[in-house]
Amino acid sequence: MSTQDYVTKMLDEVKEKYGYQPEYIQAVEEFLTTVTPFLEKNPIYCEKNILGQLIIPERLIEFRVPWMSDSGEWMVNTGYRIQYNSALGPYKGGLRFHPSVNQSIMKFLAFEQIFKNSLTSLPIGGGKGGSDFDPKGKSDGEIMRFCQSFMQELQKHIGPSMDVPAGDMGVGGREIGYLYGEYKRLNGYQAGVLTGKPLTFWGSLARTEATGYGLVYFVKYLLQDKGDALKDKRVMVSGSGNVAIYAIEKAQELGATVLGCSDSSGYIIDEDGVDCELVKEIKEVKRGRLSDYIAAKPNAKYVENASIWTENIAYEVALPCATQNEIGLDEAAILIKNGVKVLAEGANMPTKLEALHQLTDSGVIYCPGKAANAGGVAVSALEMAQNAQRLPWTFEQVDSELDSIMKNIYETCATTAKEYAKEDDLLTGANIAGFERVAKAMLAQGLV
Ligand SMILES: NC(=O)C1=CN([C@@H]2O[C@H](COP(=O)(O)OP(=O)(O)OC[C@H]3O[C@@H](n4cnc5c(N)ncnc54)[C@H](O)[C@@H]3O)[C@@H](O)[C@H]2O)C=CC1
Ligand SMILES: O=C(O)CCC(=O)C(=O)O
């Protein structure tokens, strides 16, 4: 069978078997359609069916999470942990609490995490987890009781050398604190079992900032490679959560103007540049809505119930940092009209496959999330190292490691793109480079 036939067969089988899991199929298709040139050069990975093994998770855990609301109602949600691949180290990846969570979303996130973690060059395998629990509007007590119940099951499957969860959408320092407290109650002290911990119990400095800062470092090295810089660039960001806030902060520090950001209710445009401290106050302290921005900044505009990617305004850099599939063909057409030159994904898979092709065909440089947003998990791995050493590193030390990891990821993707495809095809570069390291390890470890 030719390499192309082997890859096509694999994709057809996944589509047939998992037709009801669209996000999972999308992630697998995006990956498989780019790795053929590498497989042609290295037929051993087809002969040993490494792709076939890689596509199936090592373990998929689904469980019931019962909890009690403040009014005494008996509630129940579904919890997940996908332990996808451990060839390079303990399963590593965040936990997402969002009502949209299902097996398809968990599997796409965990699958992407394998290659992202590989690209960091750190010893971490790929995993992801979460629940369809909606933290929006819940009291502190409800969040705590939910986290405790979730951990009562999850603790059976994790450990510092086994599987190390962290935060993702809907899971920040507060949730990690409650999850850690319950793990400790049941198993005793084990700092390295979770990352993204608050600083008072062995979290890492700069983990909060890492995904957003890392995203901007990636763009910095891309622009530098092209003889350009972020200074004076106009930037648009979606989302206003952890990734978005610190992407805005770092982009502004490097001299860019950030024109707007969004939440699930709407978006703001502030042509004077988004006031990042105000967004932090609204989102991190008050846990409020972005519409509150206008009260303090009457010159800005707020658009309700619309995507920020439908706004007609000129900018060169787009940083989607909200959620999957937020950019489809319609949004891509507007981005191209707005003059976007670089799209770098802070979120996981925010760009639909057909939109991605439309953008790259128009000359936009596309930076896939598995490379551009790897700074968060990279600093999580540094947190694991600090916990194992029982020594905290300074903010400057972690930030400087993060910068050099993102430089290395950019260079690896760019060099691999040149070697296998065409210049600037960073998706192919990321997929092949991420896959190569995992595939080599799987081959060397034999059928396990
Ligand atoms: N937290 C981390 O370290 C990492 C997160 N990511 C990805 O980044 C993305 C954002 O994650 P976080 O910032 O951690 O989550 P978060 O929960 O802190 O923030 C999510 C933000 O997206 C907004 N949002 C959700 N749905 C939206 C929609 N349909 N339209 C507009 N805005 C919407 C929310 O209002 C919120 O502002 C996710 O795709 C996540 O998987 C990727 C790498 C690491
Ligand atoms: O820090 C981590 O372990 C996970 C980060 C994450 O969920 C991601 O990279 O998507």
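The paragraphs below go from the shell around ligand 2 to helix H15 and then to a sheet. The model is predicted, with local features needing pLDDT of at least 70, side-chain atom pairs counting only at pLDDT 80 or more, and totals for chains, interfaces and linings using all residues. Residues are numbered from 1 along each chain as its sequence is written, while chains are lettered from A and ligands numbered from 1 in the order in which they are written.

Around ligand 2 there are 13 residues, of which Gly94, Ala166, Asp168, Val377 and Ser380 come nearest (near: C-beta atom, placed from the backbone, within 6 Å). Two or more residues each come from strand E3 (91-97), helix H5 (103-119) and helix H15 (375-389); helices (H or I, at least four residues) and strands (E, at least two) are DSSP runs numbered from the N terminus.

In H15, twelve of the 15 residues are buried, so this helix is largely enclosed by the rest of the structure (buried: 20 or more other C-beta atoms, placed from the backbone, within 10 Å of the residue's own). Val377 and Ser380 are among them. The buried residues of H15 pack against E3, H5, strand E5 (163-167), helix H8 (207-225) and helix H16 (395-420) (contact: C-beta atoms, placed from the backbone, within 7 Å). Just after H15, Arg390 has a positive phi of about 55°.

Elsewhere, seven strands form an open sheet with mixed pairing, in the order E9-E8-E7-E6-E10-E11-E12 (strands pair if DSSP finds at least two bridges between them). Its edge strands, E9 (301-304) and E12 (365-367), each pair on one side only. Within the sheet, E6 (residues 234-238) and E7 (residues 257-263) pair in the parallel sense over three bridges, and Met236 stands opposite Gly260 in E7.

Notes:
Contact = placed C-beta atoms within 7 Å.
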